[in-house]
Amino acid sequence: MSENKIPYKIYLSEEEMPRTWYNLRADMKNKPAPLLNPGTGRPMTAEELEGVFCKELVAQELDNDTPYFEIPGEIRDFYKMYRPSPLVRAYCLEEKLQTPAKIYYKFEGNNTSGSHKLNSAIAQAYYAKQQGLKGVTTETGAGQWGTALSMACGYLGLDCKVFMVKCSYEQKPFRREVMKVYGSSVTPSPSDTTNVGRKILAEFPGTGGSLGCAISEAVETAVSTPGYRYVLGSVLNQVLLHQSVIGLESKIALDKYGVKPDIVIGCAGGGSNLGGLIAPFMGEKLRGEADYRFIAVEPASCPSFTRGRYAYDFCDTGMVCPLAKMYTLGSSFMPSADHAGGLRFHGMSSVLSQLYADGYMEAVSVKQTDVFRAAEEFARVEGILPAPESSHAILAAVNEAKRCRETGEEKTILFGLTGTGYFDLVAYEKFHSGEMHDFVPTEEDIARSLAQLPEVN
């Protein structure tokens with residue numbers, strides 16, 4: 001099909017929407033390392049994990065071999081409220097950059113949560129409801145996951161307790177109010193409502209918090225409250241499984257027009273968006289059916305891929321969660337209070353970490369002032385105000401397109417636009433007023449945190 005017939009926005013019909021999630025681990029020769037019990041050092045069993053997570057989600061978490069999981073009809077029906085999401089050909093951005101590159105982005109911001117997070121939120125809430133639970137607990141950084149889970153729980157009639165990273169709680173008051181609209185309680189973390197929160201406050205007085213802190217508080221609340229389980233918006237295998245709907249839709253849409261991307265780019269915090277976007281493309285690469293270049297983009301203020309260590313570490317600051325082998329800055333690492341709250345986790349998905357260690361992906365870190373410049377340029381030519389997290393991928397895509405302009409290469413670039421930035425206007429205000437600064441941890445900062453990694457035989 002000729003290029004001039006490719007529309008600005010490619011939509012799938014309901015009939016073309018994926019009916020299964022794709023489990024990338026099934027095609028990985030080197031499987032991600034198992035979660036370990038910090039007390040015994042042995043792999044976590046299903047029985048142990050079911051004390052924290054929903055039973056069906058534990059089964060998905062531990063399954064490294066089943067390639068496809070059927071999406072329950074109730075979840076597919078919920079998806080139809082906002083999916084399929086559009087795949088957009090960025091003609092205006094291409095023209096602005098005067099690049100021979102072809103740029104596509106998958107836009108996940110066309111729902112009230114403003115991001116891709118709803119894809120896994122409804123799945124996790126559904127399985128909690130099926131198990132007969134009263135409610136769930138969780139953490140949230142930028143607030144997108146907390147909003148998405150609140151929406152899902154409100155729809156299904158589940159209680160939802162959200163611990164929101166304190167600096168984001170203060171920067172984004174309207175985000176927390178949206179969560180309350182859907183019936184959730186929202187607590188700034190670290191708080192004095194949990195034992196681990198009080199401990200962290202004593203050790204780090206005045207801290208703006210971290211995702212690791214909020215995870216600890218949410219887990220403590222879940223295991224101490226009958227009828228509740230903990231759910232997580234990123235990092236875990238189950239989350240990447242649910243988010244594969246992003247990449248599956250993208251590939252179906254591109255295949256309709258005979259388009260094959262050369263480069264696939266996603267922002268990287270814990271790995272939910274990146275893992276979901278690259279899933280079917282990475283599967284082809286692992287099976288030897290096609291080749292792609294994958295780029296993970298992370299903030300210079302929290303550079304787990306580019307400056308972290310591949311090792312077993314706690315997933316939370318309070319050290320109450322299992323150990324995961326991942327690229328990590330150390331669970332005690334306290335990132336600066338920058339404005340990409342969703343990318344401030346100290347570690348990275350075990351799946352993505354294994355792929356990165358095996359050389360299947362690249363990673364770059366970028367500074368937030370550069371990110372906001374790219375966000376503003378994108379907004380002016382493509383008409384969407386992007387979230388700070390998404391803008392990391394925008395910056396990398398723009399840089400690759402400029403490189404094509406310099407070399408004359410006609411590369412096809414696909415990136416994930418994870419959500420909108422309408423709840424991030426305080427951040428844009430800081431950028432415009434010149435009050436935004438770049439925070440880059442020193443080698444000493446990272447070494448201090450890595451020195452506290454647990455010893456694992």
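Tutor: Let's start with a term: contact means heavy atoms within 4.5 Å. Keep in mind that this is a predicted model.

Student: Fine. Which residues does valine 178 touch, leaving out those up to four places away in sequence?

Tutor: Thr112, Thr147 and Phe423. Valine 178 itself belongs to helix 8, which runs over residues 173-181.

Student: And how far is valine 178 from serine 113, in sequence and in space?

Tutor: They are 65 residues apart along the chain, yet their C-alpha atoms are 8.5 Å apart.

Student: Is valine 178 buried or exposed?

Tutor: Buried: the cut-off is under 20% relative accessible area, and valine 178 has 15%.

Student: One of those contacts, Thr147, is in helix 6. How do I check the length of helix 6?

Tutor: Take 1.5 Å a residue; the 13 residues, 144-156, should then span 18 Å. The C-alpha atoms at the ends of helix 6 are 19 Å apart, which agrees.

Student: How many residues of helix 6 are buried?

Tutor: 11 of the 13, so helix 6 is largely enclosed by the rest of the structure. Among them are Trp145, Thr147, Leu149, Met151 and Leu156.

Student: What do the buried residues of helix 6 pack against?

Tutor: Helix 5 (118-130), strand 6 (135-140), strand 7 (159-165), helix 8 and helix 16 (388-407). So helix 8, the home of valine 178, is one of the packing partners. Just after helix 6 comes glycine 157, with a positive phi near 80°.

Student: Let's move on to rings. How do I describe an aromatic pair?

Tutor: With the distance of the centres and the angle of the planes. Searching the whole structure turns up 18 aromatic pairs. Take phenylalanine 53 and tyrosine 230: their centres are 5.8 Å apart, with 50° between the planes, and the pair counts as tilted.

Student: Which parts does that pair tie together?

Tutor: Phenylalanine 53 is in the loop between helix 1 (46-49) and helix 2 (55-62), while tyrosine 230 is in strand 9 (residues 228-230), so the pair joins parts 177 residues apart in sequence. Both partners are buried: phenylalanine 53 at 9% relative accessibility, tyrosine 230 at 2%.

Student: Which rings form a cluster?

Tutor: Phe78, Tyr79, Tyr82 and Tyr155 are linked by ring pairs.

Student: Last one: where do lysines sit over rings?

Tutor: Lysine 260 has its charged end over the ring of tyrosine 292, 4.4 Å from the centre. Lysine 325 lies over the face of tyrosine 310, with 4.8 Å to the ring centre.

Technical notes:
Residues numbered from 1 in each chain as written. Predicted model: local features only at pLDDT ≥ 70, side-chain atom pairs only at ≥ 80, totals over all residues. Heavy atoms only, no water. Helix = DSSP H or I, 4+ residues; strand = E, 2+ residues; numbered from the N terminus. Buried < 20%, exposed > 50% of the residue type's maximum accessible area, 1.4 Å probe, protein only. Phe/Tyr/Trp six-rings, centres within 6.5 Å; stacked < 30°, edge-to-face > 60°. Lys NZ or Arg CZ within 6 Å of the ring centre and 35° of its normal. Expected span 1.5 Å × (residues − 1).
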